[in-house]
Structure formats: structure tokens, C-alpha cells
Amino acid sequence: MKTSTRSSVLIISIFYAFFSILYHVVLWYNRNGYEEEGFFGWINLREYWYVAGMPYLFYFLASILVWFLGVRLLKNKRTLIQIIVVATLIPVIVYFVREGRYILLDYMELGRLRGTGEVWDWYIPTLFLMFQFGCYFAYRYFLENQRKLRVEGELRHAALKSELSALKAQLNPHFLYNIFNTISASVPAKNEKTRHLIAELSDLFRYQLKASQVEKVPLREELEFVNKYLDLEKERFQERLEVEIYVDDNLKDEMIPPMLLQPLVENSIKHGLSSLIEGGKIAIRIFKKNEKLHFEISDTGVGIKDKTSVFNKGIGLTNTKLRLEKMYQSTLNLSDNTPKGLKISFAI
């Protein structure tokens, strides 16, 4: 039994024990027991059991039956439906529990209410159980309301943090590409190539700023971004880096998440080609099949032997994998390229 369930049973048991004792004391006082037996005269366990203990034990069992039928079995229903069912069940179950108790008392030849007085053994426990379950639903509503307030507070806090992070993400690239433009303007005209590279780098940061503000961009813009990044890498690798891109023009208006291809291309260069003296080739192939857009990024680098552990090492592959899983329930596949190297493929 769970700790919360045990605690609930204990609380209800104490609840019934307290009211049974209170009921016994009231009856004892009503028959002038205080004058006849003194202050401690009510402490009579046998009398307590037959007068109050046994009836309240039956009430307790009735409450368990009401809870099981009206709450436990309807746990997936709305609270209003549970309240209606419980309110309907209480008088019905109390009536049959009363009749069962009467059979037991008659068998034991013990006294009980008879005739029109029997209605009190139906009315009082019905009222008692209505009060009990009214407190139960009120307390449950209180807990649910507290949980909602806590969740709303956490969401507001998370939204504030996200908003601040977004503002910072906008400010940082904005500041950087403005600095790049300032540096580019200060470079002498004879170093036109350097100025061009700085301008390219500034464009990369400008695209990153846009990527932080939108969920999707046209494939055309993503490819332009990747091409600018590759142009910068070509300045480092020179003839050692060869790039091939295969994509039909009619696919370039397809909408995809921004910064989807660049991390994969960067991974191929950094981990596949950078350590090779002779360099190698990066190939990007995009095509549509069965209403899905397929992507393949392959390189002729050193390849990866353990493809299962690679996601625990780099940020680019891991983040792209998580984005694909969350947005498209798609998988990032790694396989050996021909004749060597690595191929990364996925579909959205």
C-alpha cells in the first residue's frame, strides 16, 4: 500500500473513532450518566462498542464502499460526475448497511431502534457521510488548485527565463554582426578578400538571429546559409575541400526548421575531413519521396566506427537528433559512406 493511501486510511479511521466516542459521550450525558456514574462513567468499553463503536464501524465500511464505487472506479471521469454518483450512492448504501446491521443485532438479541425510529439510523449516517465526502471533495479541489497555481507559477518563471534568453540571443548576434561591419569598414580597400570574408561571417550571425525568432524558414534560405558557411571553410581548406549540392529548384520553397543542416555539415568537416591531409568531399542531397523531404549529408572523411556513442560527444548531432524526434518523430541515421566516410540521413 502506498504511503499516501495508508495516511488517508489512518486519517479516516481517526475521524470515525473520534465521532464514535463523541456520539457515545453525548448519549451517556443525555441519559444523566454524569449524575449517576460520575465524570469517568462514560468509559465503558462494552457499552461503547454496542452503542457507538459497532454502528460507526459499519459507517466506516459504508464509506469505503461509496469511495470505491463512486471515486475509485470513476477516477477518469470529471469531478462533477463523481460528486453526483457519490451523492446518489450514499443513501442507498447506508440503507442496506443499516439493514445488515439490524440483522446482526437481532441475531445477537441486542437492542436497536424500531418502527418509525429506524429512520434515524438511515438519516444520521447519510448526513454524516455527506459531510465526510463533502470535506473530501473540498480538500481534493484545494490540492488541485494549489497544484495548478504552482504549475502556473513555474510556467510563468520558465516563460520569463525563455523570454530573457531570447532577448539575449537576439542581442548577442546583433552586437556581433554590427562589430563585424565596423571592422569590415576599417579594413583597407586593397584587402577586399578580407572584407568579403567578414561580410560573409556577419551574414551568418544575421541568419542565426533570424533562426532564433522563427520556427521554420524556406529551404532556399537554409541552403544559402550553409553555402556561406562552406565558403568560409573553403578559405581554410582551399582545394582540399570539395562541395556538391544536389537539390531540385522546386523543393527550395519547402519550409524546414532553421539551422538544421549547418550543424551536420560542420560535423562532417570537423570530425571527418579536418584531420586528412588530402581533405575530401562534402555532398548534400535533398529529395522528396512519399510526401517526405529526405536529407543526406555525406563526406569522404575518416568515418565513425562506434555510431551509437557519437551522440554523447558532440552538441550538433545531439541537438539535431532531439529536434527531429520532438518535431517530426523522425530519426537521425548514421551509416558508412562509399567508398569511405560517413553518411547522415533523415526525413521530415
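Here are short questions and replies about the empty spaces in this predicted model.

Me: What makes a space in this chain a cavity and not a pocket?
Reply: A 1.4 Å probe fits inside a cavity but cannot get out, whereas a pocket is open. By this rule there are two cavities of 30 Å³ or more.

Me: How do you know that the largest cavity passes the 30 Å³ cut-off?
Reply: The largest cavity has a volume of about 60 Å³. The count takes in cavities of 30 Å³ or more, so a cavity of about 60 Å³ belongs in it.

Me: What makes Phe58 a lining residue of the largest cavity?
Reply: A lining residue has an atom within 4 Å of a grid point. Phe58 is among the residues that line this cavity, as are Tyr59, Val94 and Arg98. Helix α4 (79-107) gives the largest share of the lining, four residues.

Me: Why are three residues in the lining of the largest cavity called charged?
Reply: Asp, Glu, Lys and Arg count as charged. The lining includes Arg98, Arg101 and Asp121, so these three are charged by that rule. Seven others are nonpolar, and none is polar.

Me: Why does Gly272, in the lining of the second largest cavity, count as polar?
Reply: Gly is placed in the polar class, so Gly272 is polar here. This lining has five polar, three nonpolar and one charged residue. Helix α8 (residues 262-273) gives the most, four residues.

Me: What lines the largest pocket?
Reply: The lining has 22 residues, and Ser8, Val9, Ile12, Trp67 and Tyr136 lie nearest the centre. By class, 14 are nonpolar, six polar and two charged. Helix α5 gives the most, eight residues.

Methods. Residues are numbered from 1 along each chain as its sequence is written. This is a predicted model: local features need pLDDT of at least 70, side-chain atom pairs count only at pLDDT 80 or more; totals for chains, interfaces and linings use all residues. Side-chain values use heavy atoms; hydrogens and water are left out. On a 1 Å grid over the protein atoms alone, a cavity is a set of points where a 1.4 Å probe fits but cannot get out, and a pocket is an open set with protein on both sides within 12 Å along at least five of seven lines; lining residues have an atom within 4 Å of a point. Helices (H or I, at least four residues) and strands (E, at least two) are DSSP runs, numbered from the N terminus. Grid points are joined across faces, edges and corners, and a volume is the space filled by probe spheres set on the points.
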